[in-house]
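Visitor: Got a minute to walk me through this one? I'd like to start with the metals and then move on to the ligand.

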Amino acid sequence: MNTNTMNVSLQAVVRIVREAAQLMRVTDFDVMQKGACTNIVTSTDIAVQQYLCENLHILLPHAGFICEESDFFDTSSSQVWIIDPIDGTANFARGHQDCAISVALVSDGTPVLAVVYSLFSNVLYVAEAGKGAFRNGLSMKVSCRGLAESMACGGFSLYDKRMSPLCWRVFEELFYQCNDFRCIGSAALGLSALAAGMYDMFFEIRLSPWDYAAAQLLIVEAGGVVTTLQGKPLTYDKPQAVVAANGVENHRLLLQVIEKYQR
Ligand code: IPD
Ligand code: CA
Ligand code: CA
């Protein structure tokens, strides 16, 4: 098992993330557009990312960074921080509470440490490889609900709407087969809540490594399953689909529904 071999203290990372989150209390942030009009970034995203990078660099000077709001991917080191300064920026910019900082440390291609922190909901998710996953200090496990009782969560390929029709079809079928469906606008929080047993399935056709790297470790440590569309382990080199569930049976059924509409 790949463990946190660099011996970075989880507490130190949590402290840095909590400090960075205080920057989200500023209310007079600027909102800028990135490419398509659905894709926005605020001055707070930039400030949070800068704070995280400066302080995580002090903690682990040789580690690289993959951050959403950067023009560079520095992956020359075998240890890389993967950071989404605010996951759910559209929620944040409108005053919705579902937004979070997501930080993962990936060592030789495997996440070894994860922190997802939602300041406005006061929820902190953490995990270290081989040591379990925790929500506000309490050990968490995925649910054991079957398909009919499941609540599914996901998104509609907001930044590339050409892929949205597949998502609508998949979620429509799932909606009739399971209990209910949610789209909360933060993939990191949706996936983290799955790890805590609050959702039972999750699908997005196109997420980036900073959306899922931390939550992926939470899910694995909480006993869930998370893969690509091909049922393969997620990688951190490109955007990809994320298919997650509370166990192998729901994961298999979810993949089956997706495959049906991909043809
Ligand atoms: C987005 C959110 C959203 C998901 C998008 C992500 P951002 O991240 O997680 O829920 O549907 O695919 O890109 O842009 O708010 O960091
Ligand atoms: Ca994101
Ligand atoms: Ca973001």
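Guide: Sure, one term before we start: donors are N, O and S atoms within 2.8 Å of the metal, or 3.2 Å for Na, K and Ca, and water is not among the atoms, so sites may look incomplete. This is a predicted model, where local features need pLDDT of at least 70, side-chain atom pairs count only at pLDDT 80 or more, and totals for chains, interfaces and linings use all residues. Residues are numbered from 1 along each chain as written, chains are lettered from A and ligands numbered from 1 in written order, and side-chain values use heavy atoms, with hydrogens and water left out.

Visitor: Which residue bridges the two calcium ions, ligand 3 and ligand 2?

Guide: Asp-84 does, and the ions lie 3.7 Å apart.

Visitor: What are the protein donors of ligand 3?

Guide: Glu-68 (OE), Asp-84 (OD) and Ile-86 (O), at 2.1 to 2.3 Å from that calcium ion. Along the chain their spacing reads E-x15-D-x1-I. Glu-68 is in the loop between β3 (64–67) and β4 (73–74) and Asp-84 in strand β5, 16 residues apart, so the pair links distant parts of the chain. Helices (H or I, at least four residues) and strands (E, at least two) are DSSP runs here, numbered from the N terminus.

Visitor: And what are the donors of ligand 2?

Guide: For that calcium ion they are Asp-84 (OD), Asp-87 (OD) and Asp-211 (OD), lying 2.1 to 2.2 Å away. The spacing is D-x2-D-x123-D. Because Asp-87 lies in strand β5 and Asp-211 in helix α6 (residues 209–221), the pair ties together parts that are 124 residues apart in sequence.

Visitor: OK, switching to ligand 1. Where does ligand 1 sit?

Guide: In the largest pocket. A pocket here, on a 1 Å grid over the protein atoms alone, is an open set of points where a 1.4 Å probe fits, with protein on both sides within 12 Å along at least five of seven lines; a molecule sits in it if more than half of its atoms lie within 2 Å of its grid points.

Visitor: How many residues surround ligand 1?

Guide: There are 14 of them, the closest being Asp-87, Gly-88, Tyr-159, Gly-185 and Glu-204, counting residues with a heavy atom within 4 Å. β5 (79–87) and β13 (201–207) each supply at least two residues of that shell.

Visitor: Which polar contacts are there?

Guide: Counting N or O pairs within 3.5 Å, oxygen atoms of ligand 1 pair with a side-chain N or O atom of Tyr-159 at 2.8 Å, a backbone N or O atom of Ala-187 at 2.9 Å and a polar side-chain atom of Asp-84 at 3.2 Å. Taken alone, ligand 1 exposes 380 Å², and the protein buries 92% of that (Shrake-Rupley, 1.4 Å probe).

Visitor: Any odd backbone angles?

Guide: Asn-122, in the loop between β7 (110–118) and β8 (123–128), has a positive phi near 55 degrees. Asn-136, in the loop between β9 (133–135) and β10 (138–139), has a positive phi of about 45 degrees.

Methods: A polar contact is a pair of N or O atoms within 3.5 Å; within protein, one must be able to donate a hydrogen and the other to accept it, and residues adjacent in sequence count only if both atoms are side-chain atoms. On a 1 Å grid over the protein atoms alone, a cavity is a set of points where a 1.4 Å probe fits but cannot get out, and a pocket is an open set with protein on both sides within 12 Å along at least five of seven lines; lining residues have an atom within 4 Å of a point.
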